[in-house]
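Here are some short exercises on backbone geometry, each with a worked solution. Have the model open beside you as you go.

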Amino acid sequence: MADLPGWYDNDIDRVIVSEDDIRAKTDELAKQVAADYAQADSVLLVCVLKGAVMFMADFARALSRYGPPAELEFMAVSSYGQGMTSSGVVRILKDLDRDIAGKRVIVVEDIVDSGLTLSWLLKYLESRSAASVDVVALLRKPDAIKVPVPVKYVGFDIPSEFVVGYGLDYAERYRDMPYVGVLKPEVYQR
Ligand SMILES: O=P(O)(O)OC[C@H]1O[C@H](OP(=O)(O)OP(=O)(O)O)[C@H](O)[C@@H]1O
Ligand code: HPA
Ligand SMILES: [Mg+2]
């Protein structure tokens, strides 16, 4: 890990997605979204806190290079708590601040793992009468999916291992790491 100096590097078994990969992919995703939404006056980006905080900030800035203008909203939901598997129960910790009826919504997610969070969220947003809802997710674990969810824009398909960094946590730690990596087993066996 010598090429990645950082506080957490000794806890990381291997890098899954580097900072450079994230930057390049975010730009590519923003270009795709801009092309598909060329006719839209604006879009409403809905960040799924806390995990998507880093991706939202970088994706929104990338999108502003290509258009359309984006408004930013934040929801906080949680199903993992302190653990490494989904409880299956999605809890709203913070709801949207305003009405999304008639808006073209793009959900910004860090990861689609079992799909339970997103499946629940898409139903919720549709019940709030958005004009359209698409999803952009930086990461997806194709082998872990339990409920099928339509994810139009995906950054990286990754193996079914627990990853941290760039917003993703283990027991609230590692969100501040700039890249995505697999934790060493001894960290969660401690
Ligand atoms: O596809 P799934 O199996 O539902 O997993 C994906 C969700 O799980 C994580 O959130 P978490 O519940 O850990 O909350 P957090 O973002 O605050 O860490 C992650 O940020 C996604 O929102
Ligand atoms: O692999 C993961 N890491 C951290 N949080 C998560 N939430 C779903 N999957 C993951
Ligand atoms: Mg989490």
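**Exercise 1.** Find the loop that holds Pro 68, then give the geometry of the peptide bond that leads into Pro 68 from Gly 67.

*Solution.* Start with the place: Pro 68 sits in the loop between helix 2 and strand 3 (70-78). Helices (H or I, at least four residues) and strands (E, at least two) are DSSP runs, numbered from the N terminus. Next, look at the bond: from Gly 67 to Pro 68 the peptide bond is cis, with omega near -5 degrees.

Before going on, a note on the source: this is a predicted model, in which local features need pLDDT of at least 70, side-chain atom pairs count only at pLDDT 80 or more, and totals for chains, interfaces and linings use all residues. Residues are numbered from 1 along each chain as its sequence is written, while chains are lettered from A and ligands numbered from 1 in the order in which they are written.

**Exercise 2.** Now do likewise for Lys 50 and the bond from Leu 49.

*Solution.* Lys 50 belongs to the loop between strand 2 (43-49) and helix 2 (53-66). The Leu 49 to Lys 50 peptide bond is cis, and its omega is near 0 degrees.

**Exercise 3.** Is Tyr 174 buried or exposed?

*Solution.* First, locate Tyr 174 in the loop between strand 8 (163-164) and strand 9 (180-183). Its phi is near 80 degrees, a positive value in a residue other than glycine. Then count: Tyr 174 has 22 C-beta neighbours inside 10 Å, so Tyr 174 counts as buried. The cut-offs are 20 or more other C-beta atoms within 10 Å for buried and 12 or fewer for exposed, with partly exposed in between; C-beta atoms are placed from the backbone.
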